[in-house]
Amino acid sequence: MKPNSKVSFKQILWLMDEKCKIAWSDLSPKENKVLNANMFCHSEVYGFIGTVCPNCGTQRIHYGSCNTSGCLECGIVRKEKWLDKQ
Ligand SMILES: [Zn+2]
């Protein structure tokens, strides 16, 4: 990995897990849920749908989100939706 390359929180979690730096058994159920959400959000774990462009026929897979407030990706969306309602 290049020193100046941007690394996402998800990538950091995967690297930590790969090097056994996460003590999964010491985590509370809520901590476990939040870490799993951040690691697997927008992956096949949360389902997916496939779409085909009617014009060019390009096929795409759209992975589901975890919709967990502790997820960095979904939490921001939930926060923005909440702010819009205020
Ligand atoms: Zn998420």
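A residue counts as exposed here if 12 or fewer other C-beta atoms lie within 10 Å of its own, as buried at 20 or more, and as partly exposed in between. The model is a predicted one.

**Whole chain**

Start with the whole protein in a cartoon view. Its secondary structure amounts to 3 helices and 2 strands, and along the sequence these appear in the order α-α-β-β-α. Draw a box along the principal axes: the C-alpha atoms fill roughly 50 × 40 × 30 Å. The radius of gyration is 16 Å, whereas a compact globule of 86 residues would have one near 12 Å. Colouring by burial will mark few residues, since 7% of the 86 count as buried. If you show a contact map, take the contacts between residues at least 6 apart in sequence; 41% of them join residues at least 24 apart.

**Helices α1 and α2**

Select residues 9-18 for helix α1 and residues 29-40 for helix α2; their axes come within 8 Å and cross at roughly 110 degrees. The range for roughly perpendicular is 65 to 115 degrees, and α1 and α2 are therefore placed in that class. The crossing is left-handed. To see what makes the contact, show side chains for F9, K10, L13 and W14 on α1, and for L35, N38 and M39 on α2.

Stay on α1 and pick M16, which belongs to this helix. How many C-beta neighbours does M16 have inside 10 Å? The count is 13, so M16 is partly exposed. Beyond the residues within four places of it in sequence, M16 is in contact with K21 and I22.

**The loop from α1 to α2**

Next, go to C20, in the loop between α1 and α2. C20 is not a glycine, yet its phi is positive, at about 55 degrees. Is C20 buried or exposed? With 8 other C-beta atoms within 10 Å, C20 is exposed.

**The hairpin**

Move on to strand β1, residues 48-52, which is joined to β2 by 5 bridges; the two strands run antiparallel. Between the strands of this hairpin are 6 residues, and G57 has a positive phi near 80 degrees.

Select V52, a residue of β1. Across from V52, in β2, stands Q59. Leaving out neighbours within four places in sequence, V52 is in contact with Q59 and also with G57. What does the neighbour count say about V52? There are 10 other C-beta atoms within 10 Å, so V52 is exposed.

Now select β2 itself, residues 59-63. Of its 5 residues the number buried is 0, so strand β2 lies largely in the open.

**The loop from β2 to α3**

The last stop is N67, in the loop that runs between β2 and α3, the helix at 72-85. Display the backbone torsions: N67 has a positive phi of about 55 degrees although it is not a glycine. For N67 the count is 14 other C-beta atoms within 10 Å, so this residue is partly exposed.

Methods
Residues numbered from 1 in each chain as written. Predicted model: local features only at pLDDT ≥ 70, side-chain atom pairs only at ≥ 80, totals over all residues. Helix = DSSP H or I, 4+ residues; strand = E, 2+ residues; numbered from the N terminus. Rg over C-alpha atoms; globule rule 2.2 N^0.38 Å. Contact = placed C-beta atoms within 7 Å. Pairing = 2+ DSSP bridges. Axes fitted to C-alpha atoms, helices over the stretch in contact; angles between N-to-C directions. Parallel < 35°, antiparallel > 145°, perpendicular 65-115°, else oblique. Left-handed = near helix turned anticlockwise from the far one by under 90°.
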